[in-house]
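Me: I'd like to go through this structure with you and ask why the labels on it are what they are. Here it is.
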Amino acid sequence: MKIISIQRDKCTGCGICQAMCAVASCGRACPSESRIRLRRQWDSETPFHDVAICRHCAEPACLTACLMDIISKNPATGHVARDTDKCFGCAACAVMCPFGAPVYDTETHKMATCDFCGGDPVCVKVCPHSAIKYEEPSEAAVSRRSRQAERFYEVEEARL
Amino acid sequence: MAKKQITIYVDTRRCMNCRSCEIACKLENNLPAGPRYTMVTETEYTKDGVDKCEFLPVPCMHCGDAPCMHACPTGAISKRVKDGVVLVNQAKCIGCRECLWSCPFGVPQFGANGRMSKCTLCAHRLDDGMKPACAQACPAEAISVGTVEEISAAIRERYAASSRKKIAAHAMD
Amino acid sequence: MSSTEKSAVRIAVIDLSKQRVKLLEAVWPDCGFGGYEAALSVTGGLRSRPVLCVLTGPLTGTGAPGSGCYGFMWREKTRSGLAFTEGRLGPMMKFAGINHLIIHGHAETPVYLSVEGESASICDAAGLQDMDIAQMTDFLYAQSDYGDASVLAFTEKSGGVLVEDYRFEHHSAEIRDIFESMNLKAVVAGGAGSIPIGRPKEFLKECIGLYSHKPAPEKGPGRYGDGAATGFYLSPWRKADGKIEPVNITDNDESLAPKLAGLFWDEAFPLPDAASYAAKLLSCVLSEKWDAKKLETTAKRIHAKAV
């Protein structure tokens, strides 16, 4: 199952993913309602900027938390989906999510999470550092190991 | 860091990309197609005008201060007290993949059930006094597993032995 | 901006001497382009007093490549200037609901400006006197209700340079001097508002096309932009040394038009006609027909009046 994978050491915290996701999901520039939200870490001890985005967990905390039982996991794709019709915005999902991924959409008045833009994620296309990929976890693991090998051999250009 | 932190050392000069370690690991852990606990990487690059292709096995390093352990929101990852082997408790794992994003080596693997599994340094073999499957299988004897002190001593001895050889050869001139 | 009117523009006129903030609402395009015309008309009668304007373009903050740009305009007794800079302050101001700041007068005690909740307020900065830039930024972030606010501040203790968001130095002595002469220590902006986009689908398509033009291969790892080869995105963090240079307008400035739109086009940007791309994006955001020629004529007109 393909998921959004973020190469943290490439992320510069520029926020383009956030800005463009908002335009794609909400039709206006509203980064606070974006399905991918940046958490800039300013101190030098944290080596990366973090991102709040739905991880489509194998055992989603939001699924158990939802009072209206509208969150489900597609057995074929593994993607976590929500049937928003019945959502009344209680934000239990956001509270239980370890990553704070669900966001309140002020126009639909419902909670929303990343749905991969229907299979062609916009954030992947606009990240200037190619830090975001839409790939299988196994591919993500392989590319990280190769990157480690490149660091080891001091290869200058990232081949990802 | 555990008192006797165990570590894996790969002598990169010896690796020839035979991948016996990968196969032995899969067999030992009964892994289906997909998860690869240890991986041999191929890196092609050019340095000073010379094209190179290097093979580097990238196993789980069982880090002293494991980022995967810190990243896990449910505390499913822990270090064994006696030797610091990093293990995952699948019952607690929610399959969020946060450990994969935190691991600089890309070690965590995700199988069909979506939960994380990874190299255990063949803890069951270590407990029986045996080497991990990859170290056992490597035909070039490139992989060694031991405490940090043991590995450090072994590397120094190897260096000293090669220096002795060089000195002896020089004395023959 | 929570306003449903897609052309509404909010200008905060701040009188530091009288400790008063006045909010003006204007409608695009009556208020002019990028706030310059509105600023000029408001500051017309204030020629003898120092004036500092922080102005955003129509594309600032929308997410378009380079939309991290915003502008400063200042006037003093003997000098005036117009400069563009990259930075998060401009976009944050827009998300806080304010398009332009026109600051004039002189505060008796040190103050800072807080821009949030569709308004601006003058706050006491007495306690910040002995802080260095990191402490001051920390303090000001904590004061803001919004977690991702932007702080532009300067402290004598840190060498008297204007620093945005901890690290990015604005190397304009003139702008810093005006801050100092007004007894203004910092500007903090942050909000969860939104910027309306007239034709979002086309806008998205244009932006994706532009973002895919990466002028150089990625070098990594690079946190804070020290590996980034491209400069044309929302982030101010493209420069390896972390310095933001406000670019002053010269008579022969060819890239004035896109800068005015709120885009800062890097010299390395490969497209031959930055103004036409800015115009295309403007047309999507404002749902009005803009082309490169109209943009360039507007830019020249403003330039002639402003400096």
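Me: What makes helix α1 of chain A largely enclosed by the rest of the structure?
Reply: Buried means under 20% relative accessible area, exposed over 50%, and partly exposed in between, with a 1.4 Å probe and protein chains only. In α1(A), residues 16-26, 9 of the 11 residues are buried, so the helix counts as largely enclosed. Among them are Ile16(A), Met20(A), Val23(A) and Cys26(A). Keep in mind that this is a predicted model, where local features need pLDDT of at least 70, side-chain atom pairs count only at pLDDT 80 or more, and totals for chains, interfaces and linings use all residues. Residues are numbered from 1 along each chain as its sequence is written, chains are lettered from A and ligands numbered from 1 in the order written, and side-chain values use heavy atoms, with hydrogens and water left out.

Me: What covers the buried residues of α1(A)?
Reply: Helices (H or I, at least four residues) and strands (E, at least two) are DSSP runs, numbered from the N terminus. The cover includes β2, β3, β7, α4 and β9 of chain A, together with α5 (200-211) of chain C. Just after the helix, Gly27(A) takes a positive phi of about 75 degrees.

Me: Which residues is Met20(A) in contact with, leaving aside its neighbours within four places in sequence?
Reply: Contact means heavy atoms within 4.5 Å. By that rule Met20(A) reaches Val122(A) and Val126(A), and in chain C its partners include Thr62(C), Phe203(C), Leu204(C) and Tyr211(C).

Me: And what makes a set of residues a nonpolar core?
Reply: A nonpolar core is a set of buried Ala, Val, Leu, Ile, Met, Phe, Trp, Tyr and Cys residues joined through side-chain atoms within 4.5 Å. The largest one here has 87 residues, and Met20(A), Leu101(C) and Phe203(C) have the most contacts inside it. Helix α7 (residues 274-286) of chain C gives the largest share, 8 residues. Apart from that core lies another of 39 residues, among them Phe99(A), Cys123(A), Ala141(A) and Met39(B).

Me: How do you know that Glu98(B) forms a salt bridge with Arg55(A)?
Reply: A salt bridge is a side-chain nitrogen of Lys or Arg within 4 Å of a carboxyl oxygen of Asp or Glu. The closest N and O atoms of Glu98(B) and Arg55(A) are 2.6 Å apart, so the pair meets that cut-off. Across the interface of chain A and chain B the rule finds 3 salt bridges.

Me: How much area is buried between chain A and chain B?
Reply: Buried area is the accessible area (1.4 Å probe) that two parts lose on being put together, summed over both. Here that comes to about 2,600 Å², with carbon and sulfur atoms giving 58%. On the chain A side, Glu59(A), Arg145(A) and Tyr153(A) lose the most, together 29% of what that side buries. Counting contacts, 29 residues of chain A meet 37 residues of chain B.

Me: Why does Gly193(C) count as buried?
Reply: Gly193(C) has 18% relative accessibility, so it falls on the buried side of the cut-off. It sits in the loop between β12 and β13 of chain C. Its C-alpha atom is 4.5 Å from that of Phe95(C), 98 residues apart along the chain.

Me: Then why is Met130(B) called partly exposed?
Reply: Its relative accessibility is 38%, so Met130(B) gets the in-between label. The residue lies in the loop between α4 and α5 of chain B.
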